[in-house]
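Thanks for coming, everyone. Please take a look at the structure on the screen, and then I'll walk you through it.

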Amino acid sequence: MDRIYLDHNATTPVAPEVFEAMAPYFTEAFGNAGSVHFFGQQARGAVEEARDQVARLIGASPGEITFTSGGTEADNLALFGGARLRAERGRHLVATAFEHHAILQTLEALEREGFLVTLVPVESDGMLDPRRFLEALRPDTTVATVMLANNEVGTIQPLAELASELRARGILFHTDAVQAAGKIPIDVKALGVDTLALSAHKFYGPKGVGIFYLRKGVQVRAVQFGGEQEKALRPGTLNVPGIVGMGAAAELAQAELPEVSIRLTAMRDRLQAGLLERVSGIHVMAQAAPRTPNTLNCCFEGVHGESLILNLDMEGIEVSSGAACAAGSTDPSHVLAAMGVSAELAQSAVRMSLGRGTTEAQVDRVLEILPAALERLRSLAPHTGNR
Ligand code: PLP
């Protein structure tokens, strides 16, 4: 069966050109980027080229980029490293309520260290009201974090509207931009952030590699200790093939972005319009808000999202209920809860996230299969939502 993969927000396949760029660094160019000899310098050169490529993708200088093991580690470094360094000045941290767990769980860990966290709700359209966020700031606030694009509903947050006020108050401003890379342009200067997290596997790079952007002149405290790699901010032998892959993926993303974003928006809108036309009791989440071009999240009255997902999987269509790291959990999505969606409706959420390989024929097939699967489930248990 030709499977239709519509879960690109969970992860993406490594692009062939990215794989090709990585391959030599597993075998003949295997050096440790910290070694002084030929093999070490060969690896070091490749790492520095990748640093340039990633820096270009986000409008940063190469010196502001630190390679990490992914988005989670970069988020941890920003929050632990930012909050602990400023603990003498204040212990209050502010975030939106619909951040990824890499942020929320880190903030919970910081609470256990004696920090105080305020989570600001988002509006029903999946957008943060900047005024509401700024109202949550206190004289002892030291770190603020707002994701650039939400992983479940795709909404793009108004970071630039917060930046000047946060900077004026000397508050470290972090953004988790993991779901934005390769989908929308990112310019750290225009966003006005101090730190930013990216993950390669969300934009056709390999898993297990990411970056932490740290604006020149801003400081955070390291959370890992060991060697001097990455200016001792992220010690440990560098994952050279992964880093090379991230660089190649960044270059590809930058080159393709204008074309891919137009194509994906058109296909996502076609999928959305087709579902709205064919299906009753459908609620498109964040329909009126600015969203990443590839993301469509819908709730379907009277069904359980997991049942629909399993049914679609049997038909060769791969979608998800939300974040992959929360899959298997029976709790309704905290993202939809933060948007004020009822627990009952949120249980029916299905996220479809398109990618560079998605075709119109695939979208048409989903438009054929999904309404039929929905009808079947609804007729099985019309009153219980077939839980
Ligand atoms: N932040 C967001 C918004 C994500 O979607 C993800 C991935 O699921 C992460 C952070 C974690 O990134 P990684 O898988 O590289 O640790």
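**Helix H4 and what sits around it**

Let's start just after H4. There, Gly114 takes a positive phi of about 105°. Keep in mind that this is a predicted model.

Now H4 itself. The helix has 12 residues. From its first C-alpha to its last it reaches 16 Å, close to the 16 Å expected at 1.5 Å a residue. Its buried residues are Ala102, Ile103, Leu104, Thr106, Leu107, Ala109 and Leu110. What covers them? The cover includes helix H3, strands E3, E4, E5 and E6, and H10.

Step back into the loop between strand E3 and helix H4, and you find Glu99. Is Glu99 buried or exposed? Glu99 has 0% relative accessibility, so it counts as buried. Leave aside the neighbours within four places in sequence. Glu99 is then in contact with Leu104, Thr145, Val146, Met147, Asp176 and His334. Its side chain makes a polar contact with the side chain of Thr96, at 2.7 Å. The side chain of Glu99 also reaches the backbone nitrogen of Met147, at 2.9 Å.

**Two domains**

Next, the overall layout. The chain is divided into domain 1, residues 4-11 plus 257-380, and domain 2, residues 16-252. The contact takes 29 residues from domain 1 and 32 from domain 2. Their C-alpha centres lie 28 Å apart.

How much area do the two domains bury between them? About 2,500 Å², with 58% of it on carbon and sulfur atoms. On the domain 1 side, Leu257, His334 and Arg356 supply 24% of the area buried against domain 2, more than any other three residues. You have met His334 already, as a contact of Glu99.

There are 14 residue pairs in polar contact across this interface. Which elements give two or more residues to the side of domain 1 that touches domain 2? They are H8, E10 and helix H10. H10 gives the most, with four residues.

The count of salt bridges between the domains is one. As for Arg356, its side chain meets that of Glu17 in a salt bridge, at 3.8 Å, N to O.

**Salt bridges**

A quick word on charge. Side chains of opposite charge can pair when their charged atoms come close. The structure holds 21 salt bridges.

Take Arg234 and Glu73. Their closest N and O atoms are 2.8 Å apart. Arg234 lies in the loop between strand E8 and H8, and Glu73 in helix H3, so the pair ties together parts that are 161 residues apart in sequence. Arg234 is buried, at 14% relative accessible area. Glu73 is buried too, at 13%.

Now Arg44 and Glu48, whose side chains meet at 2.6 Å, N to O. Both lie in helix H2, four residues apart, about one turn of the helix. Arg44 is partly exposed at 26%, and Glu48 is partly exposed at 29%.

**Helix H12**

Last stop: H12, residues 360-380. This helix has 21 residues and reaches 31 Å, close to the 30 Å expected. Among its buried residues are Val363, Leu367, Leu370 and Leu374. Their cover includes helices H8 and H9, and strands E1, E10, E11 and E12.

H12 also holds the salt bridge pair Glu368 and Arg365, at 3.8 Å, three residues apart. Glu368 is exposed at 55%, while Arg365 is partly exposed at 34%.

That's the tour. Over to you.

Technical notes: Residues are numbered from 1 along each chain as its sequence is written. This is a predicted model: local features need pLDDT of at least 70, side-chain atom pairs count only at pLDDT 80 or more; totals for chains, interfaces and linings use all residues. Side-chain values use heavy atoms; hydrogens and water are left out. The expected span of a helix is 1.5 Å times one less than its number of residues. Buried means under 20% relative accessible area, exposed over 50%, partly exposed in between (1.4 Å probe, protein chains only). Contact means heavy atoms within 4.5 Å. Domain bounds come from an automatic or database domain assignment. Buried area is the accessible area (1.4 Å probe) that two parts lose on being put together, summed over both. A salt bridge is a side-chain nitrogen of Lys or Arg within 4 Å of a carboxyl oxygen of Asp or Glu. A polar contact is a pair of N or O atoms within 3.5 Å; within protein, one must be able to donate a hydrogen and the other to accept it, and residues adjacent in sequence count only if both atoms are side-chain atoms.
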